[in-house]
2 protein chains.
Amino acid sequence: MKQSDIDDILINPDQYLRNVLVDNVIFGYHNKELKVLLQQPIALDKWTVTGGYIKKTESIEEAANRIAYSRTGLKNLFFQQFRAFGNPTRSIDGSKNAKNFTKLSGIEVPDDLWIFDYFVSVGFYTLTEFSMVKIEKGVYEAECQWWPIDDLPALMFDHEHIISEALKALRLHIAHYPIGYELLSEKFTLPEIHSLYETILGKPLDDRNFAKRLMATGIIVKLNETKRIGAHRSPFLYRFDKEKYNEGLENGAALAF
Amino acid sequence: MKQSDIDDILINPDQYLRNVLVDNVIFGYHNKELKVLLQQPIALDKWTVTGGYIKKTESIEEAANRIAYSRTGLKNLFFQQFRAFGNPTRSIDGSKNAKNFTKLSGIEVPDDLWIFDYFVSVGFYTLTEFSMVKIEKGVYEAECQWWPIDDLPALMFDHEHIISEALKALRLHIAHYPIGYELLSEKFTLPEIHSLYETILGKPLDDRNFAKRLMATGIIVKLNETKRIGAHRSPFLYRFDKEKYNEGLENGAALAF
DNA sequence: CTTTTATTCCGTTAAATATACGGAATAGTA
DNA sequence: TACTATTCCGTATATTTAACGGAATAAAAG
């Protein structure tokens, strides 16, 4: 939730949709590591993905973007809806109750307030270069930080499940559509994009076959420049052919590694 | 909506989630035809998919099942969530307003009642054998009937979009997981399952290669019986190997035709 | 200036998979 | 008995995927 979300929904409940919210699984890639952005509400010992409420004036996609912007400062991220989660017990955890809420917000709320009903969560995931992100912690968050995807802290509610479903969806997506535009610099080397795919898929990919297939799609083009990487042979630089890339996003680009 | 849903949500609004509902795209297959179950609210000229509100005591999956049961009389259908839809204009159509609502339900409702806020719709699709379905029309429905997938009537709101997304998801699903268990009799012939796949995918499939691949997955087994089909060679009967079939549902069964 | 180290960069071959396609067998009907 | 509509199989070819080793290069170390 952004800075004033908790306050805002209590003060202006009529401006928000009830019983439905957005949860963003923000994946961050940098230097061969895949991480996920989590936050820890004040006075609680478990972590959550970043999520928030939906205004009546915005679509669920706009809500996801607004909420992600409030945490990362980034706009126009690549977003993908992957699933909705909804059952009466998903947010029962001992932590979502009026007492904790009052402790957090300082606002006295009745025990049977509608915010303690169960919420259907619409899950989105997004991919960013995490060195570009300036994390903005919400006022009710004790912490907000990146966690390695294979070494997560204790998570609240069903958020571990949400993350694993998001990762599954991301890995499925990567097999059918191109990725990388938001994650690599404008010019990048083959080893760089190769590591990116290996990291996200969590498995090694033969470098020669990888390059062959990637080139075959036409989404990247080789430049006549190399990059200095110190005491090693200088790799060639490449860039995305944005048209082919977008076409791949539309119609699929078989990269089923 | 089932018989009393509209009444019920007005009388007992506290028992339902607000601003979020379930829409079921019910596909029906029979005799080489793929259809979708639509209903037409009384006094309106457009059609809708079958949908309904979610009780606070049930999960979204349970809601989808309950709502489908109220229309088809069938339980334990194969259900698949495919997407959520949510934006402020999705249900603006001239038809969702207090006047029409009163006309339908006979209950006077204020113009600014929360049910006229926008609802996030969680979309599920399901597949049934439509000769097995005994359609049960709701009291506020003028009609409820099957429509051929490629010849739909005028649809309300964004329901045409919802159906096309459901069909896209179904065709994607069929490429990765087995289908047919809910659609064919216990014993079926190769030509029968072959037509099923052709109909759903909307394109011809080579019969020899189809049979080869299907057998290779192990999800069907040949029986030592044939079926009488009149003046033609009697085709052999097959049945699903339920274990292999379920395993295919879990882990995928590459049938990418 | 020669050697060493770590990395990039290709190309070929074998195996697996997918595609294309024709003709014999069968159950009834005429 | 022959005719019709349908089931049922198998093989050859093309395409795709997977596996793999060795030469070239940039800098640092000796």
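1. Helix α3(B) is mostly covered in this predicted model, with six of its eight residues buried. The buried residues are B:Ala98, B:Asn100, B:Phe101, B:Thr102, B:Leu104 and B:Ser105. The helix is followed by B:Gly106, whose phi is positive, near 75°.

2. The loop between α3 (98-105) and β5 of chain B holds B:Asp111. With a relative accessible area of 67%, B:Asp111 counts as exposed, because the cut-off for that class is over 50%. The C-alpha atom of B:Asp111 is separated by 54 Å from that of B:Glu243, and the two residues are 132 residues apart along the chain.

3. Strand β4(B) is likewise described as mostly covered, since six of its eight residues are buried. β4(B) runs antiparallel to β5(B), and seven bridges join the two strands. Within this pairing, B:Phe85 has B:Ser121 of β5(B) as its bridge partner. In general, strands of a sheet pair through backbone hydrogen bonds, either parallel or antiparallel.

4. Chain A contains an open sheet of three strands in the order β7-β9-β8, with antiparallel pairing. β7 (188-189) and β8 (220-226) of chain A stand at the edges, and each has a single partner strand, so one side of each is left without a neighbour in the sheet. The antiparallel pairing of β8(A) with β9 of chain A (residues 236-240) extends over four bridges. One of the bridge pairs joins A:Val221 to A:Arg239 in β9(A).

5. The largest pocket encloses about 2,400 Å³ of space. Its lining comprises 46 residues, of which A:Phe82, A:Ala169, A:Leu172, B:Phe82 and B:Leu172 lie nearest the centre of the pocket. In chain A, the elements giving two or more residues to the lining are β4 (78-85), α4 (159-176) and α7 (242-251). In chain B they are α2 (60-72), β4 (78-85), β5 (120-129), α4 (159-176) and α7 (242-251). The largest share, eight residues, comes from α4(A). By class, the lining has 22 nonpolar, 14 polar and 10 charged residues.

6. Around DNA strand D there are 21 residues, and those that come nearest are A:Arg208, A:His232, B:Arg208, B:Arg233 and B:Phe236. Of the atoms of DNA strand D that come within 4 Å of the protein, sugar and phosphate account for 53%. The residues of the surface near the strand divide into 11 charged, five polar and five nonpolar.

7. Three helices each supply at least two residues of the surface near DNA strand D: α6 (207-217) of chain A, and α5 (190-201) and α6 (207-217) of chain B. The largest share of this surface, four residues, comes from α6(A).

8. Individual polar contacts with DNA strand D involve base, phosphate and sugar or linking atoms. An N or O atom in the side chain of A:Lys212 is 3.4 Å from a base nitrogen. For A:Arg213, a side-chain N or O atom is 3.1 Å from a phosphate oxygen. A:His232 contributes through its backbone: one of its backbone N or O atoms lies 2.7 Å from a sugar or linking oxygen of the strand.

Technical notes
Residues are numbered from 1 along each chain as its sequence is written. Chains are lettered from A and ligands numbered from 1 in the order in which they are written. This is a predicted model: local features need pLDDT of at least 70, side-chain atom pairs count only at pLDDT 80 or more; totals for chains, interfaces and linings use all residues. Side-chain values use heavy atoms; hydrogens and water are left out. A residue is near a molecule or strand if one of its heavy atoms lies within 4 Å of it. A polar contact is a pair of N or O atoms within 3.5 Å; within protein, one must be able to donate a hydrogen and the other to accept it, and residues adjacent in sequence count only if both atoms are side-chain atoms. Ala, Val, Leu, Ile, Met, Phe, Trp, Tyr, Cys and Pro count as nonpolar, Asp, Glu, Lys and Arg as charged, and the others, Gly among them, as polar. Two strands pair if DSSP finds at least two bridges between them. On a 1 Å grid over the protein atoms alone, a cavity is a set of points where a 1.4 Å probe fits but cannot get out, and a pocket is an open set with protein on both sides within 12 Å along at least five of seven lines; lining residues have an atom within 4 Å of a point. Grid points are joined across faces, edges and corners, and a volume is the space filled by probe spheres set on the points. Buried means under 20% relative accessible area, exposed over 50%, partly exposed in between (1.4 Å probe, protein chains only).
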